[in-house]
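Subject: Structure handover

Hello,

I am passing on the structure we spoke about, together with notes on what was found in it. Please keep it open while you read.

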Amino acid sequence: MMIHSNQAENTSILAAAQAMCLAARTAPKAKGMDCICTAILTGEEKEALAKEMDLIAQEQNMAFFQRDAQNVRAASAIVLIGSVNKVRGLNTTCQFCGFQDCGTCTAQGGRCAYTAMDLGIAIGSAVSTAADRRADNRVLFSAGRAAMNLKLLGEEVCQAVGIPLSASGKSPFFDR
C-alpha cells in the first residue's frame with residue numbers, strides 16, 4: 001500500500017481537529033460547569049462559513065472578514081469553539097460581569113465573565129493541541145462571528161471563534 005502525502009496530511013488534519021475538540025472539552029472550567037460547544041467543518045460547510053464571512057465584510061465594511069474568509073478557504077478544515085452563557089452562582093463574591101450578583105446579571109441580559117474565561121482556556125488547549133501535531137492554525141474571531149450568524153453551534157452560543165487548520169509548505173495564516 002502507498003499513501004501519498006496529500007491523503008496523509010488530510011487524514012492528519014482531521015485527526016488534529018478531533019483532538020482539538022477533545023482538548024477544548026476537557027479544558028478546565030470554572031466551578032466545573034461545561035459551557036463549551038465544538039464542531040469541525042470541511043467541504044461545503046466550510047465554504048458556507050467563508051461565504052457568510054464575505055457577506056459580513058460587505059455589510060459591515062470590514063475588510064479583514066474577507067481576508068479571513070480566504071484563510072478559511074485555504075484551510076483543510078476549521079474547528080469551531082463556542083460557549084453558552086451560564087452564570088456560576090458566585091453572586092456578590094465575584095461581580096466580574098459588572099453586576100451586583102448573578103441574578104441581576106441574568107435579569108439584565110449580561111454575560112458571566114467566566115463564560116469568556118472558559119472559552120479562552122478551551123481555545124488555548126485546542127491550539128496547543130494543533131501545535132503539538134504541527135498543524136498550522138490561527139484563531140479567527142471573524143469565523144466565530146459568521147458561525148454564530150449561521151447558528152452552526154446552536155442557538156444558545158453567545159461567543160465563538162474559528163480555528164482554520166492547514167498542512168502545507170507555508171502557513172496560509174502567517175503573511176496576511
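The notes below go from the sheet to the helices and end with the cysteines. Please bear in mind that this is a predicted model.

The sheet

The sheet is open and has 4 strands, ordered β1-β2-β4-β3, with antiparallel pairing. At its edges are β1 (36-41) and β3 (136-137), each of which pairs on one side only. The partner of β3 is β4 (residues 157-166), and these two pair in the antiparallel sense over 2 bridges. One residue pair to look up here is D136 and S166: S166 is the bridge partner of D136 in β4.

Helices on the sheet

Helix α5 (residues 113-132) packs on this sheet and touches β1, β2, β3 and β4. The direction of α5 makes about 10° with that of β4. Helix α1 (residues 5-26) lies across β1, β2 (77-84) and β4, and α1 runs at about 175° to β1.

These two helices also pack against each other. The angle between α1 and α5 is about 150°, and their axes are 8 Å apart. Angles over 145 degrees count as roughly antiparallel, so α1 is roughly antiparallel to α5. The crossing of α1 and α5 is right-handed. On the α1 side, the residues that meet α5 are A19, M20, A23 and A24; on the α5 side they are A122, S125, A126, T129 and A130. By class, the residues of this contact are 7 nonpolar and 2 polar, with no charged residue.

The α2 and α3 pair

Helix α2 (residues 43-60) and helix α3 (residues 63-74) have axes that come within 8 Å and cross at roughly 170°. This pair is therefore roughly antiparallel as well. From α2, the contact takes in K46, E47, L49, A50, K51, M53, D54, I56 and A57. From α3, it takes in F65, Q66, D68, A69, V72 and R73. The contact of α2 with α3 divides into 8 nonpolar, 1 polar and 6 charged residues.

The α3 and α6 pair

Helix α3 also packs with helix α6 (residues 141-150), at an angle of about 90° and with the axes 9 Å apart. The two helices are therefore roughly perpendicular to each other. In this contact, α3 supplies F64, F65, D68 and V72, while α6 supplies F141, S142, A143 and R145. The classes here are 5 nonpolar, 1 polar and 2 charged residues.

Cysteines

How many disulfides does a search of the whole structure find? The number is 0. C37 is in no disulfide, and the cysteine sulfur nearest to its own is that of C35, 7.9 Å away. C158 is likewise in no disulfide; for C158 the nearest cysteine sulfur is again that of C35, at 7.7 Å.

A place to start

If you want one view to begin with, try the α1 and α5 contact, where A19 and M20 are among the α1 residues involved. From there, α5 leads on to the sheet, since you can follow where α5 touches β1, β2, β3 and β4.

Regards

Notes
Residues numbered from 1 in each chain as written. Predicted model: local features only at pLDDT ≥ 70, side-chain atom pairs only at ≥ 80, totals over all residues. Heavy atoms only, no water. Pairing = 2+ DSSP bridges. Contact = heavy atoms within 4.5 Å. Axes fitted to C-alpha atoms, helices over the stretch in contact; angles between N-to-C directions. Parallel < 35°, antiparallel > 145°, perpendicular 65-115°, else oblique. Left-handed = near helix turned anticlockwise from the far one by under 90°. Nonpolar A, V, L, I, M, F, W, Y, C, P; charged D, E, K, R; others polar. Disulfide = S-S within 2.5 Å.
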